[in-house]
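Colleague: I should be grateful for a close look at one part of this model, followed outward into the rest of the chain. Please begin with the part itself and leave the overall picture until later.

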Amino acid sequence: MDKKSKYGMFFFVVGIVIIAIMLYNLGWNVLVENLRKVGFWIFLIVATRLLVYPLNTMSWRTLSYLTPEEKKKVSWLRMFRLTISGYAINYITPVMALGGEPYRIMAMKDDLGTKRATSSVLNYAMMHILSHFVFWIIGFLLLIFFAYDRTPRFVFVASLVFIGISIIAIIYIIKAYKKGIIVGFFKFLCRVPLLKRFVKKKMTKEFQQTLSDTDKQFTDLFNLHRKEFYKALFYETLSRIFSCLEILVILRAVGVGIDMIDSIIINTETSLIANIVFVFPMQVGIREGGLTFALNSIGLAASMGVFVGMVTRITELAWIIIGVIMIKVKRFGKND
């Protein structure tokens with residue numbers, strides 16, 4: 001078994017174990033009770049992500065600069081499979097949800113080379129972060145203009161603050177794209193007391209050249225491929241907007257009539273809270289609190305927060321199972 005197969009097998013086994021733990025913690029009675037509440041709507045709720053993952057795939061593919069020959073080796077379906085399975089790994093990674101990126105690099109390196117595969121995945125990861133801030137600006141602007149009469153004053157003020165923070169973050173990320181980020185990041189690590197000895201040992205001439213080459217992929221994206229940059233950002237931001245359909249459908253399933261604007265506002269506040277506290281797998285307990293706060297902030301029953309949180313966990317569990325299966329079902333998209 002080669003290294004790539006061992007890596008895939010490792011995440012497959014870890015995925016199976018985590019799924020079993022999640023099912024145990026969730027509890028069969030709780031699972032059945034929440035499924036009973038939404039009924040056959042659960043299939044539509046799960047299916048909403050079929051609008052999200054293709055857009056994620058298109059964003060990643062745009063940032064990969066595949067030649068016609070490479071497009072034959074790396075099909076759209078293959079990248080779609082790696083997108084789903086990569087996110088499944090991220091959901092079950094205990095710290096910072098980063099397990100999916102090495103998995104994707106490992107899967108792509110034989111066809112694109114290690115440097116190209118690494119820059120492709122890291123470019124997409126950076127775009128994923130950038131789209132967070134764009135989405136939060138959209139969400140908080142919608143809250144200010146469409147929910148101000150239902151929103152407590154402190155939430156209104158906090159929205160203005162987070163819009164400002166998001167704009168500053170976007171400016172910083174754009175500067176990082178212009179000047180490079182990886183070399184500077186490793187230079188910073190060389191000054192961190194607990195890490196500097198280990199990092200300095202790794203900073204051989206060959207490793208520094210690899211960092212420079214990878215950094216150049218970042219700078220080239222914004223400086224030479226501006227069209228692809230904004231195209232990928234559009235796909236990724238649109239995927240976040242489409243992901244809000246999940247909350248809309250969940251609430252509609254139990255007769256709570258919200259519109260897409262309300263759903264975007266709820267998702268904005270919930271995702272912000274979840275990303276502030278990012279160290280927990282699947283944000284255990286954090287998401288429910290975030291949903292409770294978000295629902296209450298626009299005048300909806302806070303008691304629905306736990307229910308919506310439980311149904312989104314069931315949805316994630318379904319896609320984690322699909323993603324873990326896709327790690328091993330290589331005929332879907334072929335090649336790795």
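Modeller: In this predicted model, Arg240 touches His128, Ser131, His132, Phe135 and Asn267, once residues up to four places away in sequence are set aside. Arg240 lies in helix α13, which covers residues 226-243. The relative accessibility of Arg240 is 12%, and because buried means under 20%, Arg240 counts as buried. Arg240 and Val134 stand 106 residues apart in sequence, yet their C-alpha atoms are 9.8 Å apart in space.

Helix α8, residues 114-146, leads to the next residue to examine. Met126 has its place in helix α8. Met126 is buried as well, with a relative accessible area of 13%. Not counting residues up to four places away in sequence, Met126 touches Ile173, Ala176, Tyr177, Ile181 and Phe218. One of these, Phe218, is 92 residues from Met126 along the chain, and the two C-alpha atoms are separated by 9.2 Å.

Thr219 follows in the sequence. Thr219 is found in helix α12, residues 205-224. With a relative accessible area of 14%, Thr219 is buried. Leaving aside neighbours within four places in sequence, Thr219 is in contact with Tyr177, Lys178, Lys179, Gly180 and Leu224. Tyr177 thus appears among the contacts of Thr219 and also among those of Met126.

Helix α8 also takes part in enclosing a cavity. The structure holds one cavity of 30 Å³ or more, and the largest cavity has a volume of about 40 Å³. Its lining consists of Leu63, Ser64, Tyr65, Arg116, Ser119, Ser120, Asn123 and Gln217. Helix α8 supplies the largest share of that lining, with four residues. By class, the lining comprises two nonpolar, five polar and one charged residues.

Tyr65, one of the lining residues, deserves separate attention. Tyr65 lies in the loop between α4 and α5 (68-73). Its relative accessible area is 24%, which makes Tyr65 partly exposed. Most residues other than glycine have a negative phi. Tyr65 has a positive phi of about 50 degrees, although it is not a glycine.

Asp262 offers a further example of a buried charged residue: charged residues include Asp, and at 9% relative accessibility Asp262 counts as buried. Asp262 is found in helix α15, residues 260-276. Apart from residues up to four places away in sequence, Asp262 touches Arg150 and Ile298.

Val329 presents another case of residues distant along the chain. Val329 has its place in the segment after α17 (304-328). With a relative accessible area of 37%, Val329 is partly exposed. The C-alpha atoms of Val329 and Arg81 are separated by 9.2 Å, although the two residues are 248 residues apart along the chain.

Helix α10, residues 182-189, shows how burial can be arranged along a helix: Ile182, Phe186 and Leu189 are buried there. Seen down the axis of α10, the buried residues fall within an arc of 55 degrees, so they line one face of the helix. An α-helix has 3.6 residues a turn, so residues three or four places apart point the same way.

The overall picture may now be added. The protein chain contains 17 helices and zero strands. Of its 336 residues, buried residues make up 49%. Among contacts in the protein chain with a separation of 6 or more, 74% are between residues 24 or more positions apart.

Finally, the confidence of the prediction should be kept in view. The protein chain averages a pLDDT of 82, and 84% of the residues score at least 70. Among the elements of the chain, helix α4 (residues 53-62) has the highest mean pLDDT, 96, and helix α1 (residues 3-26) the lowest, 64. Over residues 279-283 the pLDDT is below 50, and this stretch has 17 contacts in the model beyond near neighbours in sequence.

Conventions
Residues are numbered from 1 along each chain as its sequence is written. This is a predicted model: local features need pLDDT of at least 70, side-chain atom pairs count only at pLDDT 80 or more; totals for chains, interfaces and linings use all residues. Side-chain values use heavy atoms; hydrogens and water are left out. Helices (H or I, at least four residues) and strands (E, at least two) are DSSP runs, numbered from the N terminus. Buried means under 20% relative accessible area, exposed over 50%, partly exposed in between (1.4 Å probe, protein chains only). Contact means heavy atoms within 4.5 Å. pLDDT is the predictor's confidence in each residue, from 0 to 100. On a 1 Å grid over the protein atoms alone, a cavity is a set of points where a 1.4 Å probe fits but cannot get out, and a pocket is an open set with protein on both sides within 12 Å along at least five of seven lines; lining residues have an atom within 4 Å of a point. Grid points are joined across faces, edges and corners, and a volume is the space filled by probe spheres set on the points. The arc is that of the directions from the helix axis to the C-beta atoms.
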